[in-house]
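Hi everyone, thanks for making time this morning. I'd like to walk you through one structure, going from whole chains down to single residues. Let me put it on the screen.

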Amino acid sequence: MFDRPFVQRFDWCLFGLMFLLGCMGLVVLYSAVTAGSDAPRKLLVVRQVLWYGAGGVLLVFFFCVSTSCWSNGPM
Amino acid sequence: MIYGFSVFLLVCVLVFGKYAGGSRRWLGLGVVSIQPSEFVKLAVIVMLARYYARVANVNGLTFYELFRPFVVVAVPFMLIVRQPDLGTAMVVLLIAVSMTLFVKVEKRLFVCLGFISVTGGPLVWFCLKGYQKQRILTFLNPDLDPLGAGYHIIQSKIAIGSGMFLGRGLGRGPQNALSFLPEQHTDFIFSVLAEELGFAGSFFMIFLFLMLVVWGLNVAHGCREPFGTIVSVGVTAMIFWQVFINVAMVTGLMPVVGVPLPFISYGGSSVITVMMCVGVLMNVSMRRFLME
Amino acid sequence: MLSAYDGFTNSFVPVFCICMDKYLDTADRNWYKHRLVTAMIYVMLAFVVLGGRLFQLQVLEGEEFRRFSENQSIRLQSIEPPRGLIFDRKGNLLADNRPSFDLSIILKDAGPAEMTLEKLSKYADIPKSQLMSKIRAGRGIPSYKPVLLKQDIGRDVLAAIEVHRFDLPGIVIEVRQKRFYAQGRTAAHVTGYMGEISAAELSYWKDMGYRTGDFVGKFGVEKSSERFLRGKRGGRQVEVNAKGQVIRVLRTVDAEPGQNIFLTIDQELQQKAELLMEGIPGAVVAMDPGTGHILAMVSSPSFDPNTFIGGMSHREWNALISDPFRPMENKVIQGEYPPASTYKIVTAIAGLEEGVINRNTTYFCPGYHRYGNNIFRCWKRSGHGSVDIVKALAGSCDVFFYQVGLRLGVDRLADYAGACGLGTLTHVDLNHEARGLIPTSEWKEKRMGVPWQKGENLSIAIGQGYNLVTPLQMAVLTAAVANGGILYRPLIVKKRETVEGRTVYRGDREIVGRLPVSRKNLDIVRKGLWEVTHGRAGTARVARVRGLGISGKTGTAQVVSRKRKSGDRRVRSLHLKSHAWFVAYAEPDDPRIAVAVLVEHGEHGSGTAAPIARELIKMFMGFQGVPDVSVVSDPGDVPVLYEFSGGPFF
């Protein structure tokens with residue numbers, strides 16, 4: 001069934017796009033919360049990174065669960 | 001399993017009123033607070049995809065076949081409108097409409113629904129809250145609220161426009177630094193980006209989003225089973241609409257509705273939902289090789 | 001990668017058309033692909049729109065936006081709404097607005113701020129260190145926003161600054177409205193006062209457009225009608241040049257002025273009542289028995305609301321709130337006092353209605369009543385002799401009402417008191433109203449953990465014990481007795497109108513209940529109250545005025561204990577003296593005014609409270625005559641002494 005190695009089957013393009021957007025997001029967020037403010041809310045950036053981490057875990061989860069088990073449900 | 005998940009989310013949406021404290025959209029869970037309306041989007045996508053994958057045909061959906069999707073969308077939609085969070089509610093509705101139109105609706109029914117939505121517009125108008133009406137009116141005529149939303153749009157346009165071609169450099173945008181922009185780390189973050197990175201940066205970002213959407217549709221294209229295709233379309237529609245509404249809003253093309261920009265805006269629920277969506281897309285993308 | 005994809009789909013479309021005939025009904029993979037191509041086209045179009053918009057804003061119009069941004073040249077200036085005015089019922093102005101000139105600095109435009117401040121301190125005669133500290137305090141404020149330096153500068157300072165305008169870049173003078181209470185202390189507790197918005201109020205009202213530094217109503221009608229008085233803030237979007245001068249007004253939203261309020265208060269009567277209460281701590285409230293309008297509301301001592309507007313020093317504020325005579329409290333609605341003998345009106349109603357007594361029931365008063373081991377005295381040691389209900393009310397015979405109370409029991413009496421509006425909120429449109437207290441056996445059990453004792457029925461029947469009422473509750477009850485039994489909600493706002501003069505609210509009578517008494521029995525009570533001032537043994541013959549029919553009831557409330565032990569000698573000498581009550585109305589056949597007077601530590605109702613009520617009613621009825629001096633005044637009803645535990649009293 002797995003006739004090609006994982007590296008070839010994995011959607012690297014999608015991953016790359018996501019990674020690029022995520023990085024841009026963090027940079028802009030850092031700028032938005034620090035610029036000009038007396039009390040920079042840098043904590044927000046850290047939290048955002050943590051959210052990315054949590055999102056990554058869920059991403060892997062949704063990536064691994066076979067689609068067939070969602071498509072067979074009520075409705 | 002997904003059904004249970006979505007029901008759980010809906011229950012969360014129901015109870016959040018108790019936990020929300022000052023704000024009405026969040027559900028406090030210890031240190032973090034989540035926004036269940038974000039997760040509902042994905043749940044709706046999966047529910048609709050599952051159903052449409054079974055009933056879709058070349059002639060399009062009939063009126064009876066549309067009933068169940070209607071319920072699936074209407075319940076969370078009303079709950080979110082109640083919060084009230086017009087932006088998210090609009091996104092849920094647009095995702096559902098996009099998916100439904102994608103699997104095709106009977107021509108006659110399509111005309112009927114189009115007619116109903118045109119005539120139903122005024123009806124919805126009466127159900128909107130005062131400040132939501134104000135926002136739409138402001139969009140149609142910014143002179144109506146030059147001190148609130150109208151002023152925000154102007155400041156956002158100044159921020160974006162003043163970025164010119166190359167931008168002012170990161171952390172050097174005066175509009176950003178002087179707090180002229182409202183909610184500069186969430187809904188208006190694109191204005192910060194455009195001010196500091198200029199047309200080059202903002203266009204590049206738009207281009208990345210375009211690539212993402214195109215790639216999502218490509219994944220749908222490559223999938224061999226209807227469910228995978230439709231779910232990919234739904235996920236892609238979600239990303240597309242959020243990008244479109246957010247950017248159109250901050251550039252003054254649309255009303256000021258609070259819709260976060262995927263990946264960029266601050267917000268845990270939004271980030272996690274988008275990541276889950278990408279996970280789904282990767283999953284579908286991967287599976288096209290399984291049969292070969 | 002994109003172009004490859006497009007090429008693929010393009011070549012695919014014709015193939016699809018052929019396939020369609022074969023698989024008419026099933027949505028197969030090819031069919032989906034066709035629809036995906038359509039979706040793709042829409043997506044492309046949408047992104048072209050976005051990209052085009054960005055190009056327009058950033059490249060085509062970028063130059064202009066950059067200029068706007070450089071100067072932060074589009075700014076918002078707020079326009080404060082004029083606050084609604086407060087008038088008395090006849091249109092006399094009580095609360096007015098006056099302009100106040102506030103000095104601010106916009107740091108961004110001030111050039112070297114140091115130098116500007118140096119000059120400013122010379123012209124305005126304000127020490128430079130004081131100005132600098134203001135700037136340091138406002139450090140979080142963006143540099144394009146004004147920092148307040150001094151509020152309410154005088155006209156001479158204003159002139160000096162105007163003359164040297166060009167010498168003082170970045171200095172702005174803003175005109176703001178300030179409250180001015182034209183009549184000073186008159187009705188201070190009713191109009192209330194204003195102060196800077198607190199953090200709690202700000203978070204509560206944020207959605208309604210309030211901001212830090214706003215002045216809001218803090219007390220009285222200023223507070224309870226805040227949302228009507230305030231109006232709506234306006235503003236203008238302006239374009240300024242690099243020096244911060246406005247070169248163009250882009251858009252303006254006019255402020256909406258607040259609504260003007262006409263109180264039910266009659267200024268003349270109010271001032272008369274205040275004059276009568278001069279130097280006497282206590283409360284006076286006068287009502288129109290036909291409408292529930294409050295004609296006068298005096299709480300003494302009072303305060304000058306103007307002192308709050310300019311900002312009050314800490315010391316002044318502390319002096320006010322720690323004053324043992326409580327000037328900051330509106331005693332008419334916040335003061336809770338034992339109703340004492342005025343409560344006999346309720347006991348009489350309950351006794352008559354429950355059939356415990358009738359018009360002809362008589363009891364003998366030897367000057368005391370023996371119950372169990374205890375002796376309960378009547379205020380009149382020599383005793384009233386044989387009295388019926390009318391004589392008992394007139395002479396305020398305690399023994400008669402001990403008998404009634406014993407037969408009624410606490411809970412039946414409490415039902416009647418509640419139905420008469422005692423121990424419940426009157427819902428007058430003022431904040432901080434106290435509820436008072438009408439005890440029941442259940443309440444005592446819960447609160448004290450001890451059951452109700454029968455002996456206590458005696459003391460509550462004459463309004464002592466746990467009973468507490470506010471003067472306003474007594475006034476509402478008196479008005480109801482006067483008008484034949486209708487309880488009105490006391491009203492303080494007669495009408496509200498917009499600046500254009502359109503009436504948006506009218507304080508029409510609001511019936512909240514009826515006295516639980518038949519017309520026949522009420523007439524018996526009214527006869528008793530008439531005899532209080534006119535009868536030979538009446539306790540308030542001092543309030544009798546020839547040619548003017550005043551009915552009333554005296555009361556002398558024992559002060560059992562004071563919560564606060566004050567070091568002030570005046571207070572200490574007072575603090576065990578009884579409170580004096582007098583409730584009255586005139587005339588019985590055509591009631592036009594009902595009054596409740598409470599004099600704190602005034603000893604006897606007849607001695608101190610009754611003359612105040614008399615003078616007030618006389619003035620209101622336009623009566624110029626002198627009191628009936630031929631009447632020799634009784635000592636009035638002295639406090640009744642009682643004891644529950646221990647042996648006989650004498």
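**Two chains, two helix pairs, two residues**

Let's begin with chain C: its accessible surface comes to about 29000 Å², and 52% of that belongs to carbon and sulfur atoms. Before I go on, please keep in mind that this is a predicted model.

Chain C has 650 residues, and 54% of them count as buried. In secondary structure, we find 24 helices and 23 strands in chain C. For those of you who like contact maps: take the contacts in chain C with a separation of 6 or more, and 71% of them come from residues 24 or more positions apart.

Now over to chain B. Here there are 11 helices and 2 strands. If you read along the sequence, the pattern of chain B is α-β-β-α-α-α-α-α-α-α-α-α-α, so to speak a helix, then the two strands, then helices to the end. Of its 292 residues, 62% count as buried. Chain B exposes about 11000 Å², with carbon and sulfur atoms supplying 70% of this area. On the contact map of chain B, residues 24 or more positions apart account for 68% of the contacts with a separation of 6 or more.

Let's zoom in on helix packing in chain B, with helix α4 as our guide. At what angle do α2(B) and α4(B) pack? Helix α2, residues 36-55 of chain B, packs against α4(B) at about 15°, and the axes are 10 Å apart. Angles under 35 degrees count as roughly parallel, and α2(B) and α4(B) are therefore roughly parallel to each other. The crossing of α2(B) past α4(B) is right-handed. On the α2(B) side, the contact is made by Ser37(B), Lys41(B), Ile45(B), Leu48(B), Ala49(B) and Tyr52(B). From α4(B), the contacting residues include Val91(B), Ile95(B) and Met99(B). Sorted by class, this contact has 9 nonpolar, 3 polar and 1 charged residues.

Next, the pairing of α4, residues 86-102 of chain B, with α10, residues 226-250 of chain B: their axes come within 9 Å and cross at roughly 140°. These two helices are therefore oblique to each other. Here too, α4(B) passes α10(B) in a right-handed crossing. Val91(B), Ile95(B) and Met99(B) turn up again among the α4(B) residues in this contact, and on the α10(B) side we meet, among others, Val233(B), Gly234(B), Ala237(B) and Trp241(B). By class, the contact of α4(B) with α10(B) has 12 nonpolar, 4 polar and no charged residues.

To finish, two single residues. Buried or exposed: which is Arg108(B)? Arg108(B) sits in helix α5, residues 107-127 of chain B, and with a relative accessible area of 67% it is exposed. From Arg108(B) to Thr62(B) is 46 residues in sequence, while their C-alpha atoms are 9.1 Å apart in space.

And what about Asn330(C)? You'll find Asn330(C) in the loop between α13 (314-322) and α14 (331-334) of chain C. Its relative accessibility is 1%, so Asn330(C) counts as buried. Which residues does Asn330(C) contact, leaving aside its neighbours within four places in sequence? They are His189(C), Phe219(C), Met297(C), Ser299(C), Gly335(C) and Leu430(C).

That's my tour, and I'm happy to rotate the view for anyone.

Definitions and conventions. Residues are numbered from 1 along each chain as its sequence is written. Chains are lettered from A and ligands numbered from 1 in the order in which they are written. This is a predicted model: local features need pLDDT of at least 70, side-chain atom pairs count only at pLDDT 80 or more; totals for chains, interfaces and linings use all residues. Side-chain values use heavy atoms; hydrogens and water are left out. Axes are lines fitted to C-alpha atoms, for helices over the stretch in contact, and angles run from 0 to 180 degrees between N-to-C directions. Helices (H or I, at least four residues) and strands (E, at least two) are DSSP runs, numbered from the N terminus. Angles under 35 degrees count as roughly parallel, over 145 as roughly antiparallel, 65 to 115 as roughly perpendicular and the rest as oblique. A crossing is left-handed if the near helix is turned anticlockwise from the far one by less than a right angle, and right-handed if clockwise. Contact means heavy atoms within 4.5 Å. Ala, Val, Leu, Ile, Met, Phe, Trp, Tyr, Cys and Pro count as nonpolar, Asp, Glu, Lys and Arg as charged, and the others, Gly among them, as polar. Buried means under 20% relative accessible area, exposed over 50%, partly exposed in between (1.4 Å probe, protein chains only). Accessible areas come from the Shrake-Rupley method with a 1.4 Å probe; for residues, only the protein chains shown count as cover.
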